[in-house]
Amino acid sequence: MTEPHRPLAVVTGASSGIGLALARQFSNHGFDLVVAARGPEIHAVAERLDAEGVEVDLATPDGVRTLHQHLRHRPVTVLALNAGITARSDDLERELELVDLNVRSLVHLARLVTDEMRARKRGRVLITASIVEAFPGPHQAAYNASKAFARSFGISLRHELREHGVSVTVLEPGATDTPIFEKADQETTILGGAMPKDDPADVAEQAFEALMAGRETVVAASITSKATHLVSRLLPDAVTARVTGLLTKPR
Ligand SMILES: NC(=O)c1ccc[n+]([C@@H]2O[C@H](COP(=O)([O-])OP(=O)(O)OC[C@H]3O[C@@H](n4cnc5c(N)ncnc54)[C@H](OP(=O)(O)O)[C@@H]3O)[C@@H](O)[C@H]2O)c1
């Protein structure tokens, strides 16, 4: 594969929310783009951003392989592993889909693409975790666990790849104003409803800066989100679980 003039960024979960804002960041900074999501809206997003859109279910191994096939023709400079869902603890089917997407596909796509980056000795990876990695999540138990996995996996990957010229950054957004809660039927919770939320554009801007600076982690975007993360890391799990449970309990 020859290295073209413009770098290529691949963003998963780019049809809305943080992924869409990340895609805009890459587009504004002169990257060519491949954007992926499950629904057909991704094609309209791709058209607006002059990108290649891939409609694919990344919760399946075949979906991951299909997206990877689309990346065969050009080296990937940046891989933003962002697609994710949340799930209520009373919805087993969705919890299992969450594990397939937030955990399984994260490992699968990361390994496929970073093997190639490692061979070329260059590349950057952004993994969207969450500040909820720092505490248990009653009523959305699999979600918080999946984000603890994403952070740990991302930092380990960083240390595996650093000597091979590949940088990995873990993004930890706080509560952000996106459709994620509505999609999981969580608008009746305090977290999904009344709680103030960050702007996805601010999250993406801080993520882009941290990624290009080669930072290990970035907590984004507001002071409230950064403080929540810091305090959560200091408090015992029994306390954070109790407080989180109040915010995430369906009413
Ligand atoms: N919003 C927050 O408060 C918050 C906070 C911390 C971290 N995060 C994380 O940020 C990331 C983006 O979430 P968001 O808040 O921006 O939510 P969002 O607006 O719902 O975006 C999720 C994206 O993932 C895609 N997606 C979902 N299931 C998929 C599948 N099976 N295959 C391929 N793509 C799929 C969605 O596409 P379709 O709509 O077409 O399915 C959409 O593009 C997630 O990893 C989330 O956990 C969010």
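**A ligand shell and its surroundings**

Student: How far is an oxygen atom of the ligand from a polar backbone atom of Asn82?

Tutor: Keep in mind that this is a predicted model, in which local features need pLDDT of at least 70, side-chain atom pairs count only at pLDDT 80 or more, and totals for chains, interfaces and linings use all residues. Numbering runs from 1 along each chain as its sequence is written, and side-chain values use heavy atoms, with hydrogens and water left out. We're after a polar contact, that is, a pair of N or O atoms within 3.5 Å; within protein, one must be able to donate a hydrogen and the other to accept it, and residues adjacent in sequence count only if both atoms are side-chain atoms. For Asn82 and the ligand oxygen, the distance is 2.8 Å.

Student: Which residue has a polar side-chain atom 2.6 Å from an oxygen atom of the ligand?

Tutor: Don't mix this one up with Lys183, where an N or O atom of the side chain is 2.7 Å from a ligand oxygen. The residue at 2.6 Å is Tyr143.

Student: And what percentage of the ligand's accessible area does the protein cover?

Tutor: On its own, the ligand has 880 Å² of accessible area, computed by the Shrake-Rupley method with a 1.4 Å probe (for residues, only the protein chains shown count as cover). With the protein in place, the covered part is 96%.

Student: Which element gives the largest share of the shell around the ligand?

Tutor: H1, helix H5 (141-161) and helix H6 (180-183) are the elements that give two or more residues. Helices (H or I, at least four residues) and strands (E, at least two) are DSSP runs numbered from the N terminus. With three residues, the largest share comes from H6.

Student: By class, how many nonpolar residues does the shell have?

Tutor: The ligand has 33 residues around it, with Ser15, Ser16, Gly39, Tyr143 and Thr178 coming nearest; a residue belongs here if one of its heavy atoms lies within 4 Å. Ala, Val, Leu, Ile, Met, Phe, Trp, Tyr, Cys and Pro count as nonpolar, Asp, Glu, Lys and Arg as charged, and the others, Gly among them, as polar. Next to 12 polar and five charged residues, the nonpolar count is 16.

Student: Over to the strands: which residue of E3 is the bridge partner of Ala36?

Tutor: Two strands pair if DSSP finds at least two bridges between them. E2 pairs in the parallel sense with E1 (residues 8-12) over five bridges, and also in the parallel sense with E3 (residues 52-55) over four. On the E1 side, Ala36 stands opposite Thr12. On the E3 side, the partner of Ala36 is Val54.

Student: Why is E2 largely enclosed by the rest of the structure?

Tutor: Buried means under 20% relative accessible area, exposed over 50%, and partly exposed in between (1.4 Å probe, protein chains only). E2 covers residues 32-37, and it is largely enclosed because, of its six residues, the number that are buried is five.

Student: What is the handedness of the unit made by E2, H2 and E3?

Tutor: Look with the strands pointing away from you: a crossover is right-handed if the path from the first strand over the helix to the second runs clockwise. E1, H1 (residues 17-28) and E2 make a right-handed β-α-β unit. For E2, H2 (residues 41-49) and E3, the β-α-β unit is right-handed.

Student: Is Asp50 buried or exposed?

Tutor: Asp50 sits in the loop between H2 and E3, and its phi is near 55°, a positive value in a residue other than glycine. Most residues other than glycine have a negative phi. The relative accessibility of Asp50 is 70%, so it counts as exposed.

Student: What is the positive phi of Lys121?

Tutor: Lys121 lies in the loop between helix H4 (92-120) and E5. At 55% relative accessible area, Lys121 is exposed. Although Lys121 is not a glycine, its phi is about 65°.

Student: Which residue's backbone nitrogen does the side chain of Ser130 reach?

Tutor: Ser130 is in the loop between strand E5 (123-128) and H5, and with a relative accessible area of 6% it is buried. At 3.0 Å, its side chain reaches the backbone nitrogen of Val132.
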